[in-house]
Amino acid sequence: MFKRISALVLAGLTALSVASCGGGDGTTSAGTGGGGDDTITMGFAQVGAESGWRTANTKSVQESAKSAGITLKFSDAQQKQENQIKAIRSYIQQKVDVIAFSPVVESGWDPVLNEAKNAKIPVILTDRAVDSKDTSLYKTFLGSDFVEEGKKAGQWLVEQYKDSQDTVNIVELQGTTGSAPANDRKAGFQEVIGADPKFKIIASQTGDFTRAKGKEVMEAFLKSNPDIDVLYAHNDDMGLGAIEAIEGAGKVPGKDIKIITVDAVKDGMQALADGKINFIVECSPLLGPQLMDLAKKVVKGEQVPARVVTEETTFTQEQAKQVLSSRQY
Ligand code: GYE
């Protein structure tokens, strides 16, 4: 265990030192941002590599920067806010032209965002929101409507059980504590199912958006609750971990326990097509192209919308079978 933790810490430090010396991507642009030539330098502070969604998002950002001719400085915060703050500070020091980041949690960003503002470096929020009251601290927020995603999950459930009066026992695997998707997916779901008292959330805990934690927490849920009807997992990865726990307990995922997840990454869609998941709410990680467009505008000082919402759909098992082969992530 200790070995694993120290490996993670080491990986985090490496990621940060790469960010702070401006290398890692073969570019030598440190200190040249903010004027001089026309090339835009973006500092991007990523959350981590916790899920299939995140891996696809990172790839999208890196590939889109390349095709947009934007020099990218990239750092991975290993799901830790302090690492993200350090990375952003190093981007400020390096005088990049624009900073983009996906805030791991919603709170606690005002000081570092003020530092960026004072240094006149525009900030774009991608994927996740912050709860700062002062919205002048960032130029725009590009990402999904997570409350809407939670509502879609709830609406499917309400429809499934519309002809039954029996109690429906639900367990919930939440995303990272304090993150916008965990807060909002919980709230949206609750709002919809809360209208009918037969829906009961009997256990709800974080699985940190990872497969390993999803499995571990689901094992604990199964031990203390013999009558689980439904699992609502805030992402595919936790749902996939939970499937292993359910099978390990001798139950059939998708039948004995119905499963709803969010994201629609390939592994999730495969499990949906195989009948192990029942419904997936899509959340697109392919934010790179829009992010680069917004960055170019913001650097030129052009007006951009304060909020850009990603378009998304939902998938049933039948729909998953049809689109699986053409899924991009
Ligand atoms: O759903 C989850 C990831 O912020 C939308 O983060 C993102 C979430 C995504 O780890 O899989």
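Biologist: Let's start with the surface. How much area does the protein expose?
Modeller: Happy to help, and keep in mind that this is a predicted model. Carbon and sulfur atoms supply 51% of the exposed area. The total that the protein exposes is about 14700 Å².

Biologist: What percentage of the residues count as buried?
Modeller: A residue is called buried when its relative accessible area is under 20%. The protein has 329 residues. Of these, the share that counts as buried is 53%.

Biologist: How many helices and strands does the protein have?
Modeller: Both kinds of element are present here. The protein has eleven helices and twelve strands.

Biologist: Now to the ligand. Which helices each supply at least two residues of the shell around the ligand?
Modeller: The ligand is surrounded by 13 residues, and E50, D127, R128, R185 and D263 are the closest. One helix that supplies at least two residues of the shell spans 52–68, and another spans 180–193. Their names are α2 and α6.

Biologist: How far does a polar side-chain atom of D263 lie from an oxygen atom of the ligand?
Modeller: Let's look at some side chains in turn. For R54, an N or O atom of the side chain is 3.0 Å from a ligand oxygen, and for R128 the distance is 2.8 Å. For D263, the distance from a polar side-chain atom to a ligand oxygen is 2.6 Å.

Biologist: What percentage of the area that the ligand exposes when taken alone does the protein bury?
Modeller: The ligand takes up the space of the largest cavity. Taken alone, the ligand exposes 300 Å². The part of this that the protein buries is 100%.

Technical notes
Residues numbered from 1 in each chain as written. Predicted model: local features only at pLDDT ≥ 70, side-chain atom pairs only at ≥ 80, totals over all residues. Heavy atoms only, no water. Helix = DSSP H or I, 4+ residues; strand = E, 2+ residues; numbered from the N terminus. Buried < 20%, exposed > 50% of the residue type's maximum accessible area, 1.4 Å probe, protein only. Areas by Shrake-Rupley, 256 points an atom, 1.4 Å probe, with all protein chains shown as cover. Near = heavy atom within 4 Å. Polar contact = N/O pair within 3.5 Å; in protein donor to acceptor, adjacent residues only side chain to side chain. 1 Å grid on protein atoms, 1.4 Å probe; cavity = no way out; pocket = protein on both sides within 12 Å on 5 of 7 lines; lining within 4 Å. Sits in = over half its atoms within 2 Å of the grid points.
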